[in-house]
Every structure is written in structure tokens, then in C-alpha cells.
Protein chains: 2
Amino acid sequence: MATVRLLHLSSAFRRHGGPSSPPLPRRLFRLYNRVVRSFSTSMSPPSKAVVYDEQGAPDAVCSVRELPALPIKDEDVCVRMLAVPINPSDINRIEGVYPVRPAVPAVGGYEGVGEVHSVGSAVKELRPGDWVIPSPPFSGTWQTFVVKEQNVWHKIDKRTPMEYAATITVNPLTALRMLEDIVDLKSGDSVVQNGATSIVGQCVIQLARLRGIQSINIIRDRPGSDEVKEKLKKLGANEVFTENQLAVKSVKHFLADIPEPALGFNCVGGNAASLVLKFLKQGGTMVTYGGMSKKPITVSTGSFIFKDLSLRGFWLQKWMGAEKAKESREMIDYLLSLTRSGELKYDMELTPFDQFPTALDKALGKLGSQPKQVIKF
Amino acid sequence: MATVRLLHLSSAFRRHGGPSSPPLPRRLFRLYNRVVRSFSTSMSPPSKAVVYDEQGAPDAVCSVRELPALPIKDEDVCVRMLAVPINPSDINRIEGVYPVRPAVPAVGGYEGVGEVHSVGSAVKELRPGDWVIPSPPFSGTWQTFVVKEQNVWHKIDKRTPMEYAATITVNPLTALRMLEDIVDLKSGDSVVQNGATSIVGQCVIQLARLRGIQSINIIRDRPGSDEVKEKLKKLGANEVFTENQLAVKSVKHFLADIPEPALGFNCVGGNAASLVLKFLKQGGTMVTYGGMSKKPITVSTGSFIFKDLSLRGFWLQKWMGAEKAKESREMIDYLLSLTRSGELKYDMELTPFDQFPTALDKALGKLGSQPKQVIKF
């Protein structure tokens, strides 16, 4: 399924061309637009989009451009996007480090929330004014209008805070599935994670607490780490340690009344991954879902043979591909309800679309540590 | 269950003492021996054993000693050991690097084959002259006579070559379980392994071939590697590569008509483990069962997230503990039948017991590369 306006246009010409087909020349776009206009009665407004023509550093290859109007076919829904986040995974997709690269030119972004603007003649379940999210998320949400078949949109409760609706899938759903699908945890059990201040990390803490599961959290050593500890504890973290605190042979004495965890999460790599392994109990599992330090994970032979540890990964994009569309919408509704009740929260900064370059710089870490950037159209 | 003569003796005094209780003073041994002699009608012959009084370098801490006769109780079987191997795991146990340390003093060895010498009055299934192996294997086989309850002995076919009977559990059963229990392999599938010249490695090649599974094998670069390749191919290896041959970015072109393997075995660590990971297909699993290089295993974040690889360990001693006694005897009989038919073979050298120090030096690698040492009593 073509997932962005630019790909829509390309695919109309390519017919059976795969995502690796060459990009469509600009003059064919214009020709196509004229042809479509002459046959179509209902058209979307033109869209203002963050486009990249090639993979590379996002601040070098991204530009905001106007894309032509699109026909709204019988099954299509035209959505005016309200808010979209800049996730680390969006940046990685633009950089081209993901194994699946969208054909370029492409529109950035992978999730968000929008309001239905207009619908095709066969659409019954959605009406203008409804709030929807792309579900499963798809590439190309960083634009003001998106036209896609009705079945890719999930209607959500409009009372949800916009920034949570925009960000509910990529991070919170990752946290939920990693907690639920890997190890059978019971109330009173514990988990351990590094990168605990990440949005996934904050969600793990809160979702675990809701199930009576205790969390052991590892953060970087940095100025203000005491405040960070307090903040995570307010979210429900049972223990928070800096990496330096754990530079000891055995971490068992840090556990006090918390049982040794059977499940650990790693989004950092390097030494921070080894710290997660240190905490795990005999037969435990560590799940890797990120590599913030860009360092690999190193494991001793004894950890596998004598401690019987297992290591695996989690990638939401792959999990979602496995026929999980219906199931995952119920999970999303559950997570959205938690954001409305205040049981699930995390820091975000809403930035207007015309300040996209600043938001991107913040997301790229060029302006120091910043909260998650959410673009408001 | 106390598993060696020395522990037998100790435990008779300790009653409920665990394996961590202090060793029994020598004069108590003598006292105990006198007491026992006066009550018991049937006694074992004294045993000549390889004993270590403390954990350490095997050639420093091991000595051959005579141990006193033991009473043969109603359920006991006294076995005259015929042959026992010196496995790397035996060496590790003596060094104390295993997480479970036998209480010292202890007799070395963990498997072997013996002939029933005499039986207690309640023993019906075993008779003098029968060949038996310890099953599951237990610590303390490196001695001329072992007295243990009948249920720890498994009667085997006497037509089995002695050196195979002595070595069938630790290595061949590891190969069999790793092939059968981790990934559901079908005829035509493939596996990849490093340390392919090890006994487990040779067994993997042959057991895989018997099931129509292709094997990709990685060996060290060393003089004579061409002969090693030929030898492994004669056993049924489909491909054999040296580590240097695989020092390329992609190894896919090496596969030719062999499908990418879903399962890999690592007994080396370091770069040799990374080579196994390189060959694995999306979603594949690498099992670590040894660490010959003494180097850890290093894995990229992308291997977990995008390639969806899983890493785990296999340790026969733990697997055996899980109520597998009956099942595993059937597997052993199957493996023994393969050694009789010539379908399973591997290099061994039989060395007389009086040359134990030389055999130990060979097993420790002090005399260069040597075949597996099997002590013949």
C-alpha cells in the first residue's frame, strides 16, 4: 500500500512497481495532476509537507513543500492532520539506516492524529470532524492533508489530548507489547530497563505499575540526575539508579525487597545493556528495542550457558505487520483511555508547523536535552 | 544425591549437610571405614581415583589415590569403570569456573562406561557383566569402582565400542538436543556452526545429515585446514569455511544453493560468534554452548531489532535436570546405535589409566592439538 501522497502519485504511474522503483520525475507529477483533475469530482486541498528527496541527515535533506491536490476515491478519507511527533525512528528512516527504505521523494513521519476533512461516497463509518489516527501507522504523516482508504484510519475519542493521540502508537504501544508478550509477569514481579527517561521507558514504568509490576530503572549519569530520579519515582518507578551507581560487581544488594527481574529492556546498548543483564534472574530475557549509544551489546558465554539468559529484539513495525491491525486498535483505545484519565503521561512540547526546522533541531539533539517534539499544524 | 565415593563418605557423617559443608578429615574416613566394615556383609573393592582436594589447575590439584571400600546396600550397584573421557567440562569443573562446584575433596569426571561388578540384594534389572553408563551423568566417574543406587545406571548394548559408550552423553546428546529442541527444522533446511571440529561440532554435522539438514561449518585458520575441511566434508558437512575466508561484509554468496540457516551454534565466542550471526536468516536463533576463545559475544542493536535474531544458551547439565531421565536414555540408545552402525563417529585416543597425567596434559592442550582423551582402566 502506498503510504504517502508522493508515493500515491508514483504508484498511479507505476501500476505494479514496488517501493524500490525509481522516483517519478517532477513533470510527470504535473501531467498526472492535470489528468486526474479532468476526471475527478472530489479533490483534497493541496498539502504542505515535509519532503525528503534522498536519504541523509534530516536537517539537510528535508524541506517543506506544497504537494498537489489528490482525488478522493469512493473508499478514501481525506484527513487534515492536527499533530505529528518527531520520533527517533522517523529520523532513522530519513537517514536511511532502517532496512526498509521508503522510495524517495517521500514525506516524513510515521504517526499522528488528524480530523476527517472529507470522505468518498462509499465511506460510512467516518464523517468530517471525526478524529482519526493512522493504524497501523504509515509513512508520510508529516503533511497537512493525507488521503488514504478508510480502513487505514482508526477513529478515536476526541476528548483525548491531541499530543497524546498523535504519539500513542510508536512509543506507548511498544512499551505495552514488550511488557505483555515476552514473559508471563504476575503482580509483584519486576522488570529492569535502561534509557528509563525515554518515552517508552516512562510508559514501561506506568504500565508496569498499573499491573502491580515493580520497575528497576537505569539512567545516564548527568547533571540533575537527582531530579530525574524523583520524576521517575513520581511516575511509579520503584528504583532508579545511574549507570555509575551500578559500577559494582554484584547488583543484588540493590534489589532489597524487589524480586530479581525475569524481563529487561534495552534501548541503549554498550555498558547500559550489560547493566540490564546483571540484574536479570536465572533464565531471564532481555529485549532490545533501541540503540541510543550506538554501541553493540556484549554478553559473556557464561550468561548464556550458566545463567541461561535469552536475548531478543522488538520492533513495532514488524509486530504490526503480523495481522495485528484489529487487536492493536483495542490496545490503542486502552492506552488513549489511560492518557485521558492521567494514568499515562510523558513530557512533550507542541511546536507550530512553521517552526519545524527548530523542532527538528531539538529532536536531533542539537539544542541539548529537549522534550519530545510534536508538530501542531 | 551424593555422586562420588568421597561425597558418599562425607554425607554419611553429615546427614543433612549440603554440598557446601566442609570436607571430612582424613582420620574420620578411616574410622568410618572400620565402622562400616563391621556391619556390612557386601563391600566394593577399594577404588583407585583421580581426586582433587581444591579447585584449581587440574594438573596441579589432581592426584591418583586409593579410596576405601564401600558398603553395597540392597539397592546399590557396584560398577567397575572401563573407560572415561576427559571433557573440557570436566576440566572446568575442577578449575571451579562452573557455577555449581562439587564439595571437595571430590573425584573428577562426569561420564563414562563400566561393567557391573556386583549388585545389592534388591537389584533385579542389572547383573554382573552388564555394561552401564551413568544416566544422567554424575560427578565422580574417574575411578576404578563406583557404588551407586541401581536407578542411576543405564544398561547399554555391549556391542558398542567402549570409547563411544564412555562419551555418548556429554557431547553427542548436546548436539542432538540443540538440533531438535530450538528450531523446528525440516529436511533441506540448514544450520551454521563454529568450532566445527569439536566433538559436538562433528556430531552436529552427522546428526544433521541423517535428517537431511545441511550444515555450514566454520573452523579456525591453521596449518592443515584443507585436510580438516576434507575430513568434515567426509562426515557430511556441506560447506566448511575458515574464519579468514568469511572476513567479508556479506556471506550470502557463500551459500549458493543452501538456504539461509534459521539456527546456529556457537562454542567459541568473539569474532567466530559474529560469523555465525552473519549467516543466520531473519528471525534466526544462535545457541551458545561453549566459549573456547574465552571472548564474549558482541551483537549489534540492528541484529535484534531489524534482523530479529534471538540468542540463547544450552547446557546439558541443566537440561538433564529437568526430569528428562527416561527420555534421555532413549536418546542415548539411539545415539549408541548410530555409533555401532558407523553413522556417528569422532576421533578419540584411548590412554591407559597409568598414563593419566599425559592424557590430562593432552586434554589441557599443553601438547598441541590432540584427539579427545579417553582413559581406559
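## Where the two chains meet

In this predicted model, chain B and chain A bury an area of about 2,100 Å² between them. Carbon and sulfur atoms give 66% of that area. Why quote an area at all? The size of an interface is often given as the accessible area lost when the parts come together.

Let's look at who takes part. On the chain B side, 27 residues are in contact with 27 residues of chain A. Three residues of chain B lose the most area to chain A: Phe304(B), Ile305(B) and Phe306(B). Together they make up 28% of what the chain B side buries. The copies meet through the same surface, because 100% of the interface residues of chain B are also interface residues in chain A.

## How the copies are related

Two copies of a chain are related by a rotation about an axis and a shift along it. What turn lays chain B on chain A? A turn of 180 degrees does so, with a shift of 0.0 Å along the axis and an RMSD of 0.0 Å. That is the relation of a two-fold axis. If you want to find this axis from chain B, start at Thr298(B): its C-alpha is the one in chain B nearest the axis, 2.2 Å from it.

## A closer look at Ser303(B)

Now visit helix 10 of chain B, which covers residues 301-305 and contains Ser303(B). Is Ser303(B) buried or exposed? Its relative accessibility is 15%, and the cut-off for buried is under 20%, so Ser303(B) counts as buried. Leaving aside residues up to four places away in sequence, Ser303(B) touches Asp308(B) and Leu309(B).

## An enclosed helix in chain B

Helix 9 of chain B spans residues 270-279. Seven of its ten residues are buried, so helix 9 of chain B is largely enclosed by the rest of the structure. Which ones are buried? They are Gly270(B), Ala272(B), Ala273(B), Leu275(B), Val276(B), Leu277(B) and Phe279(B).

## Two helices crossing in chain A

Over in chain A, helix 6 (residues 169-181) packs with helix 12 (residues 325-341) at an angle of about 100 degrees. Their axes are 10 Å apart. Angles of 65 to 115 degrees count as roughly perpendicular, so that word fits helix 6 and helix 12 of chain A.

Helix 6 of chain A makes this contact with Thr169(A), Pro172(A), Leu173(A), Leu176(A) and Arg177(A). From helix 12 of chain A come Ser328(A), Met331(A), Ile332(A), Tyr334(A) and Leu335(A). Sorted by type, the residues of this contact are seven nonpolar, two polar and one charged.

How values were computed
Residues are numbered from 1 along each chain as its sequence is written. Chains are lettered from A and ligands numbered from 1 in the order in which they are written. This is a predicted model: local features need pLDDT of at least 70, side-chain atom pairs count only at pLDDT 80 or more; totals for chains, interfaces and linings use all residues. Side-chain values use heavy atoms; hydrogens and water are left out. Axes are lines fitted to C-alpha atoms, for helices over the stretch in contact, and angles run from 0 to 180 degrees between N-to-C directions. Helices (H or I, at least four residues) and strands (E, at least two) are DSSP runs, numbered from the N terminus. Angles under 35 degrees count as roughly parallel, over 145 as roughly antiparallel, 65 to 115 as roughly perpendicular and the rest as oblique. Contact means heavy atoms within 4.5 Å. Ala, Val, Leu, Ile, Met, Phe, Trp, Tyr, Cys and Pro count as nonpolar, Asp, Glu, Lys and Arg as charged, and the others, Gly among them, as polar. Buried means under 20% relative accessible area, exposed over 50%, partly exposed in between (1.4 Å probe, protein chains only). Copies are superposed by least squares on the C-alpha atoms of residues with pLDDT of at least 70 in both. Buried area is the accessible area (1.4 Å probe) that two parts lose on being put together, summed over both.
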